[in-house]
Structures are given as C-alpha cells and as structure tokens.
Amino acid sequence: MAMGVLKHSRGRGRSTRRAPMAEINVTPFVDVMLVLLIIFMVTAPMMASGVPIDLPDSRAEALDQTPDQITVSIDREGFVYIDDVLVEPGTLPTALESIAGAPGSERPLVTLRADRGIDWGRAIAVMGELNRAGFTAISLVSNSSAEAP
C-alpha cells in the first residue's frame, strides 16, 4: 500500500504533498469466494433427498413443510425407504411400528414419494401398511406442472 510521500519540487522551493492512495487488494477476497462457490457446488446436490425418484407430474398446490414428518420413498425397483434408509423386504410393518411410538399418541405426517414407473399396486400396499400402523395422514408427493392432465 502506498502512503503519501513528501516531495520537494526543484522549481520554486515549495513542497507539495501527494494525496494518499487508498487501494484495496481484492485478490484474497476473490480467492475465498471462489473456494466457497466450489464447496457449495459440491455439497448442494448432497442436500437433496438421497433416493432418486422420477416423480409424476401434478397441478396440485404445494403443501407446507412441517418438522414432524416422515418421508417414505418407493424407487423404480419397488424398494421402500424411510427417510433415505432402505427397509428390507418384509420388514416394513416392524419398521413402521418402531417409528409410530406409543399407542394412542399422535402420529407424524407421512409424505409418500413414489416413482412414476412403479406398479401402483405396490404404492397402495405401502399405504395400507402405513394405515395399519396408525399413520392416517399421508401426503403424496409429485412434481408441479401446469401441463399435467
């Protein structure tokens, strides 16, 4: 950084001062911003739901997100996930009973995400197991589309 320097002029014997130069070196700032950009670009896809599902399209309005909700996902192969954790085939009723809590207590809202390519009989079977375990508030998740039938 340059500071004002006292200069002597050779002409008339008077001294003149230069104005101080105020320059900011932005190179470290840009370096930090680029590193942060790269970090966010790498981590942003990891924040999305871990189960890749091709959701069907719908013109329905979006629901409010509540903190007390469980996400049940069914992928293209028909595997069931509860909050991104694979449920082994045949153990869905046991897994649902373990999250249901005490009998008579209020159950959390369940959001069901099902791939558009699955046999929807599988989705109905999962909904039946949810109902049997006491989860009666079930929301189906879809993509928003103005062109859906």
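## Strand pairing and helix packing around strand β7

In the predicted model, strands β7 and β8 (residues 138–140) pair in the parallel sense, and three bridges connect them. Within this pairing, Leu112 stands opposite Leu140 of β8. Strand β7 itself comprises residues 109–114. β7 also pairs with strand β4 (residues 69–74), to which six bridges join it, and these two strands likewise run parallel. Two residue pairs illustrate this contact: Ile70 faces Val110 in β7, and Ser73 has Arg113 of β7 as its bridge partner. In general, the strands of a sheet pair through backbone hydrogen bonds, in either a parallel or an antiparallel arrangement. Strand β7 is mostly covered, since five of its six residues are buried, that is, under 20% relative accessible area.

These pairings belong to an open sheet of five strands, arranged in the order β6-β5-β4-β7-β8. The pairing within the sheet is mixed. The edges are occupied by β6 (85–87) and β8; each has a single partner strand, so one side of each is left without a neighbour in the sheet. On average, and with direction ignored, neighbouring strands of the sheet are turned by 30 degrees against each other.

The connection between β7 and β8 includes a helix. Helix α3 spans residues 120–132, and together with β7 and β8 it makes a right-handed β-α-β unit. Helix α3 also packs with helix α2 (residues 92–100): the two axes come within 9 Å and cross at roughly 40 degrees. An angle of this size is neither under 35 degrees nor in the range of 65 to 115 degrees, and α2 is therefore oblique to α3. The crossing of α2 and α3 is right-handed.

The loop between β5 (80–82) and β6 contains Asp83, and Asp84 is placed in this loop as well. Asp83 has a positive phi of about 50 degrees although it is not a glycine. For Asp84, which is not a glycine either, phi is also positive, at about 70 degrees. The accessibility of both residues was considered next. Asp83 counts as partly exposed because its relative accessibility is 40%, a value between the limits of 20% for buried and 50% for exposed residues. Asp84 has a relative accessibility of 43% and therefore counts as partly exposed.

At the level of the whole protein chain, three helices and nine strands are present. Read along the sequence, these elements follow the pattern β-β-α-β-β-β-β-α-β-α-β-β. Of the 149 residues in the protein chain, 22% are buried. A further segment is noted in the sequence record: an unreviewed UniProt entry lists residues 21–42 as "transmembrane region". In the model, the span of residues 21–42 is 73% helix and 0% strand. The C-alpha atoms at the two ends of this span lie 40 Å apart.

Note on methods
Residues numbered from 1 in each chain as written. Predicted model: local features only at pLDDT ≥ 70, side-chain atom pairs only at ≥ 80, totals over all residues. Heavy atoms only, no water. Buried < 20%, exposed > 50% of the residue type's maximum accessible area, 1.4 Å probe, protein only. Helix = DSSP H or I, 4+ residues; strand = E, 2+ residues; numbered from the N terminus. Pairing = 2+ DSSP bridges. Right-handed = clockwise from strand over helix to strand, strands pointing away. UniProt positions renumbered as here; feature names shortened; annotations may be inferred. Axes fitted to C-alpha atoms, helices over the stretch in contact; angles between N-to-C directions. Parallel < 35°, antiparallel > 145°, perpendicular 65-115°, else oblique. Left-handed = near helix turned anticlockwise from the far one by under 90°.
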